[in-house]
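Work through the exercises below with the structure open. Try each task before reading its solution.

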Amino acid sequence: MKTLTRTSTPTHVASALESALQQFDRAADHIALDRVTRAILRVPKREWTVRFPVTMDDGRVEVFTGYRVQHNLSRGPAKGGVRFHPQTDIEEVRALAMWMTWKCALVNVPFGGAKGGVTVDPRQLSTNEMARITRRFTAELQGIIGPNIDIPAPDVGTNAQTMAWMMDTYSMHHGYSIPGVVTGKPVDIGGSLGRADATGQGVVYTIQRAAEAIGLPLQGARVAVQGFGNVGEAAARLIHEAGATLIAVTDVGGGVYNPDGLDPLALKRRMKETGSVDGASGTTPMSNEDLIGLDCDILILAALEGQVSAANAGTVKARILAEGANGPTTPDADPILRENGVVVIPDILCNAGGVVVSYFEWVQNLQSLQWTAAEVNDRLRSVITAAFDEVWQMASTDGIDARLAAQSIALARVAEAQQARGIYP
Ligand code: NAD
């Protein structure tokens, strides 16, 4: 029987970079990685900080700071999202870039890992301000990004429209359309069918597999979701379509609960109208902290890093914790969750659907082809299921948790590529 314990009283929640490095060291130890490869892969290969002025709607000029970090390029061009968030800094972007390297390797797409960001709160910006910041940031990244160099995608605070502005700006500088410079674009300008839902779809595919593995019927399973953006909204809608009952959703503005079931489409309408799901009719309020400890079967974390730490891991009652977000669980929470029998689907596996379909989009762009939505989803399901099975197999053979298994598989692949390429000169 599951015991819910709190094993320590921590005062410090690990930052994203601290988490990423602890996870790296653990996987490097597990695969007995040699000293030189460890030294190369523990740090980003390249990083840029750019500062740029933008004229705001009221005529004021503000100076913004943006980042792009390319963690590793041994398996192919760099790939990773662009985040617009007030707390984004170089350390967070470093961690996210490193996680992208492992994610791309785990699902075996031929990319290295990168991430970018601008320190800004997009909720305070008009559409025109958002466009000007995006375009100027893209101009600052000329020479750093490109279809064969580094291919950005949406992340927190950015979306298909942001990618359209990035693609247009980059193309303007070159004098012709270059759709393959970004993924997650609108379909009309070279986006892939299925990309908008891909990360959430991948989350649901991995949950289906994990539920099968532990004998949990998805039909009627009670699901709670933190975050209702690119990832959380799609995951909530698709798991509802798969027969589960969505009982709670929270976002930055509050949260909603209904033990009889929430309608994800009604929540989406509420979000569009008010900017948050909070206060949707027929629901009672739910805080983020209560959502983490909610009596449910499946908890999907699809907001930000550091949401479950040793301070609250003991309150998790879900049987499956699906990491739709990057780094939502800190390393000190992992042993507590494991001891309590919570099955964690680690981020680099759980949310890899986004980068898998980004890869499909890039391939379609390079070939000027368009695949059908069914083709995209079938291929996504088979790639993510194969990765899931590989992780679960290693976890069982080596007697380790799924996070360590996923990171060990990924790290071994990147290390092999790094070693095959050798040291130049
Ligand atoms: P988004 O900006 O579209 O949505 C983020 C959601 O989180 C919003 O609903 C927001 O209200 C909510 N949120 C923000 N702060 C919160 C807080 N303190 N408490 C509760 N909710 C909060 O972002 P997204 O693209 O959906 O990304 C979410 C996570 O998934 C991130 O960790 C991101 O790196 C990861 N991810 C995204 C993609 C993608 O394709 N967009 C792919 C892989 C991983």
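Buried means under 20% relative accessible area, exposed over 50%, and partly exposed in between. The model used here is predicted.

**Exercise 1. Place a glycine**

Task: State where glycine 232 lies and whether this residue is buried or exposed.

Solution.
- Step 1. Find the element. Glycine 232 sits in helix 7, residues 230–241.
- Step 2. Check the accessibility. The relative accessible area of glycine 232 is 0%, so the residue is buried.
- Step 3. List the neighbours. Leaving out residues up to four places away in sequence, glycine 232 touches Val225, Gly227 and Ala302.
- Step 4. Look across the chain. Leucine 301 is 69 residues from glycine 232, yet 7.7 Å separate their C-alpha atoms.

**Exercise 2. Judge the confidence**

Task: Decide which residues have pLDDT under 50.

Solution.
- Step 1. Start with the whole chain. Mean pLDDT is 96, and 97% of the residues reach 70 or more.
- Step 2. Find the weak stretch. Over residues 1–9, pLDDT stays under 50. The model has 19 contacts beyond four places in sequence for this stretch.
- Step 3. Apply the caution. Where pLDDT is low, predicted coordinates should not be read in detail.

**Exercise 3. Relate the domains and the cores**

Task: Describe how domain 1 and domain 2 are placed, and where the largest nonpolar core lies.

Solution.
- Step 1. Set the bounds. Domain 1 covers 43–186 and domain 2 covers 198–350.
- Step 2. Take the separation. The domain centres, taken over C-alpha atoms, are 27 Å apart.
- Step 3. Count the contact residues. Domain 1 brings 15 residues into contact with 10 of domain 2.
- Step 4. Turn to the largest nonpolar core. It has 85 residues. Trp102, Ile207, Ile239, Val249, Leu267, Ile298 and Ile300 touch the most other members.
- Step 5. Locate this core. Both domains give residues to the core, so it lies between them.
- Step 6. Inspect one member. Isoleucine 239 touches Val204, Ile207, Leu218, Val223, Ala244, Ile298 and Ile300, with residues up to four places away in sequence not counted.
- Step 7. Note the separate core. Another core, apart from the largest one, has 25 residues, including Val50, Phe64, Phe84 and Val118.

**Exercise 4. Trace the salt bridges**

Task: For three of the salt bridges, say which parts of the chain are linked and how accessible the partners are.

Solution.
- Step 1. Get the total. The whole structure holds 28 salt bridges.
- Step 2. Take aspartate 25 and arginine 42. Their side chains form a salt bridge at 2.8 Å, N to O. Aspartate 25 is in helix 1 (residues 16–30), and arginine 42 is in the loop between helix 2 (35–41) and strand 1 (46–55), 17 residues apart. Aspartate 25 is partly exposed at 23%. Arginine 42 is also partly exposed, at 32%.
- Step 3. Take aspartate 155 and arginine 83. Their closest N and O atoms are 2.7 Å apart. Aspartate 155 is in the loop between strand 5 (150–154) and helix 5 (160–174), while arginine 83 is in strand 3 (residues 78–85), so the pair ties together parts 72 residues apart in sequence. Aspartate 155 is buried at 12%, and arginine 83 is buried at 2%.
- Step 4. Take arginine 209 and aspartate 389. The closest N and O atoms of this salt bridge are 2.8 Å apart. The pair links helix 6 (residues 195–214), which holds arginine 209, to helix 13 (residues 373–398), which holds aspartate 389, 180 residues apart. Arginine 209 is partly exposed at 28%, as is aspartate 389 at 31%.
- Step 5. Look for shared partners. Salt bridges join Arg83, Glu92, Lys115, Asp155 and Glu305 into one network.

**Exercise 5. Test for disulfides**

Task: Explain why cysteine 296 is not bonded to cysteine 350.

Solution.
- Step 1. Recall the cut-off. A disulfide needs two cysteine sulfur atoms within 2.5 Å.
- Step 2. Take the distance. The cysteine sulfur closest to that of cysteine 296 is in cysteine 350, 14 Å away, and therefore too far for a bond.
- Step 3. Check the surroundings. Cysteine 296 is buried at 3%, and cysteine 350 is buried at 0%.
- Step 4. Conclude. The count is 0 disulfides.

Methods: Residues are numbered from 1 along each chain as its sequence is written. This is a predicted model: local features need pLDDT of at least 70, side-chain atom pairs count only at pLDDT 80 or more; totals for chains, interfaces and linings use all residues. Side-chain values use heavy atoms; hydrogens and water are left out. A salt bridge is a side-chain nitrogen of Lys or Arg within 4 Å of a carboxyl oxygen of Asp or Glu. Helices (H or I, at least four residues) and strands (E, at least two) are DSSP runs, numbered from the N terminus. Buried means under 20% relative accessible area, exposed over 50%, partly exposed in between (1.4 Å probe, protein chains only). A nonpolar core is a set of buried Ala, Val, Leu, Ile, Met, Phe, Trp, Tyr and Cys residues joined through side-chain atoms within 4.5 Å. Domain bounds come from an automatic or database domain assignment. Contact means heavy atoms within 4.5 Å. pLDDT is the predictor's confidence in each residue, from 0 to 100.
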